[in-house]
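Please look first at the sequence and the fold as a whole. The paragraphs after them offer a guided reading for someone new to this structure.

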Amino acid sequence: MKTRAAVMWEPGQDWKVEEVDVDAPGPGEVLVDMKACGMCHSDEHVRTGDMPVPHFPLVGGHEGAGEVIEVGAGVTSVAPGDHVAFSFVPACGRCTWCARGMSYLCDEGAKLFNVGMMANNRIAHRIGDTPLARFSQLGAFSEKQLLSEQSVVKVDPDIPWHAVALVSCGVATGYGSAVDRAGTRPGDVVVVVGVGGIGVSAVQGASIAGASRVLAVDPLESRREASKIFGATDTFASMDEALPAVAEITRGVMADRVILSPSVLHGWMIEPGLKLTRKGGVCCLTGIAPLTEIDVKLNAFTFAMMSKTLVGSIYGGASPRERIPFLLDLYRRGRLKLDEMVTRTYTLDQVNEGYADQAAGTILRGVVTFQD
């Protein structure tokens, strides 16, 4: 079948909407009619080269939500008519990591940037004779999309499409960074550095977990103000500005948990983040760093002597098949704010405009919506 999709031909270029040929579902595959896709910053990392991918051209987008049109042989978890969220990390259910309840580290993740389909590596997406890769084997900036059953999670049909899209990546990542990886407990003081879509989700997670103070740090005033809607109690323009305030608030103890979720994470940010972290506290790295950047600023003596913990985070340290329905239930009960995150919606042809708005800081989170 033919569909329209936002394609990047080379790093550094804008997205270009192209007509794409997509195969019918093979065994273990699902064809989805797209309804919404969040504009996560990870796709922008591909454009800038901070996240190098091996194959171009590439269909972008991964925070997807849609309705199943057709399924291939052997598909059991979804059927035509089901509503699904996309998961940028697959869950095979069989590897060591899935068996340990850590499907965010599923071994199938090694195939995420292959050109071919996950099941058999066949080329199922093309422009003419040119094979097309898809971001994280998803490529959700497409009106129709074919993907593996391992990459979709069935959701209740009463949830709005934009909410389904948001929890598929950014919200789950930010929420889990605060709650699961950093381990926020009732009464904690939490600092979140960088309060875009992932950061405000970390703010919400910390607040829902019972943090007594949630301090949001971001150079953009608009984001600092927006973070208050999601539970931030105090805001600062930089970590340097936040440092004396955290010391005063905690009587010198410093923050229990620090989440580093800037638009681009750099090695020099680690030490300032650890300075904000108390003895025995946790500093969680959630933002994406340039792949080739390996230098980190860290005082190893104070890090060890104060028994601090530095952790990484992918998908917030949770399993998509558990976390997506859980977060949507919080949303349904009014405890998780998702509607308020969407500053503006865009058509597929406005993808570049949406990312320009994101870079300018005029939106918190944009969502591409697809017309029926």
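What follows is a walk through the structure, from its interior to its charged pairs.

The model is a predicted one. Its largest nonpolar core has 82 residues, and those with the most contacts inside that core are Phe86, Leu338 and Val351. Val351 shows how such a residue draws together separate stretches of the chain: leaving aside residues up to four places away in sequence, Val351 touches Ala6, Trp15, Met39, Phe141 and Val368. Another core lies apart from the largest one and has 20 residues, including Phe236, Met239, Ala242 and Leu276.

Strand β10 offers a further view of the interior through Leu147, which is located in that strand. Leu147 has a relative accessible area of 0% and is therefore buried. Beyond residues up to four places away in sequence, the contacts of Leu147 are Glu29, Val30, Val32, Phe86, Met117, Gln137, Leu138 and Val152. Phe86, named above for its contacts in the largest core, is thus one of the residues that Leu147 touches. By C-alpha positions, Leu147 and Ser77 lie 14 Å apart in space, with their positions 70 residues apart in sequence.

Just past this strand comes the loop between β10 (144-148) and β11 (152-155), where Gln150 is found. Is Gln150 buried or exposed? With a relative accessible area of 15%, Gln150 is buried, because the cut-off for that class is under 20%. Once residues up to four places away in sequence are set aside, Gln150 touches Pro90, Ala91, Cys92, Arg94, Glu108, Met118 and Arg321.

The strands deserve attention next. Strand β12 (residues 189-193) is largely enclosed by the rest of the structure, because five of its five residues are buried. In general, side chains in a regular strand alternate between the two faces of the sheet. In β12, Val189, Val191 and Val193 point one way, while Val190 and Val192 point the other way, and all are buried. Strand β12 is joined to strand β13 (residues 213-217) by five bridges, and the two run parallel. Within this pairing, Val190 has Val214 of β13 as its bridge partner.

Elsewhere, six strands form an open sheet of mixed pairing, in the order β8-β7-β2-β1-β4-β9. Its edge strands are β8 (130-131) and β9 (133-134), each of which pairs on one side only. Strand β4 (residues 58-59) runs parallel to β9 and is joined to it by two bridges. Here Leu58 stands opposite Ala133 of β9.

At the surface, Phe301, Met305 and Met306 make a nonpolar patch of about 350 Å². Met305 belongs to helix α9 (residues 300-305). Its relative accessible area is 60%, so Met305 counts as exposed.

The charged side chains complete the picture. Side chains of opposite charge can pair when their charged atoms come close. The whole structure contains 25 salt bridges. One of them joins Lys154 and Asp82, at 3.8 Å from N to O. This pair links distant parts of the chain, 72 residues apart: Lys154 is in strand β11, and Asp82 is in the loop between β5 (63-71) and β6 (83-86). How do the two partners stand with respect to the surface? Lys154 is partly exposed, with a relative accessible area of 48%, whereas Asp82, at 16%, counts as buried.

A second pair is formed by Asp180 and Arg323, whose closest N and O atoms are 2.7 Å apart. Asp180 lies in helix α4 (residues 170-181) and Arg323 in helix α10 (residues 320-332), so that distant parts of the chain, 143 residues apart, are linked. Asp180 is partly exposed at 34% relative accessible area, while Arg323 is buried at 7%. Arg323 also meets Glu322 in a salt bridge, with 3.3 Å from N to O. Glu322 is partly exposed, at 40% relative accessibility.

Finally, some charged residues are joined in a wider arrangement. Asp156, Asp158, Asp329, Arg332 and Arg333 are linked in a network of salt bridges.

Definitions and conventions: Residues are numbered from 1 along each chain as its sequence is written. This is a predicted model: local features need pLDDT of at least 70, side-chain atom pairs count only at pLDDT 80 or more; totals for chains, interfaces and linings use all residues. Side-chain values use heavy atoms; hydrogens and water are left out. A nonpolar core is a set of buried Ala, Val, Leu, Ile, Met, Phe, Trp, Tyr and Cys residues joined through side-chain atoms within 4.5 Å. Buried means under 20% relative accessible area, exposed over 50%, partly exposed in between (1.4 Å probe, protein chains only). Contact means heavy atoms within 4.5 Å. Patches are made of residues with over 30% relative accessible area and no salt bridge: like charges are joined within 9 Å, nonpolar side chains (Val, Leu, Ile, Met, Phe, Trp, Tyr) within 5 Å. Accessible areas come from the Shrake-Rupley method with a 1.4 Å probe; for residues, only the protein chains shown count as cover. A salt bridge is a side-chain nitrogen of Lys or Arg within 4 Å of a carboxyl oxygen of Asp or Glu. Helices (H or I, at least four residues) and strands (E, at least two) are DSSP runs, numbered from the N terminus. Two strands pair if DSSP finds at least two bridges between them.
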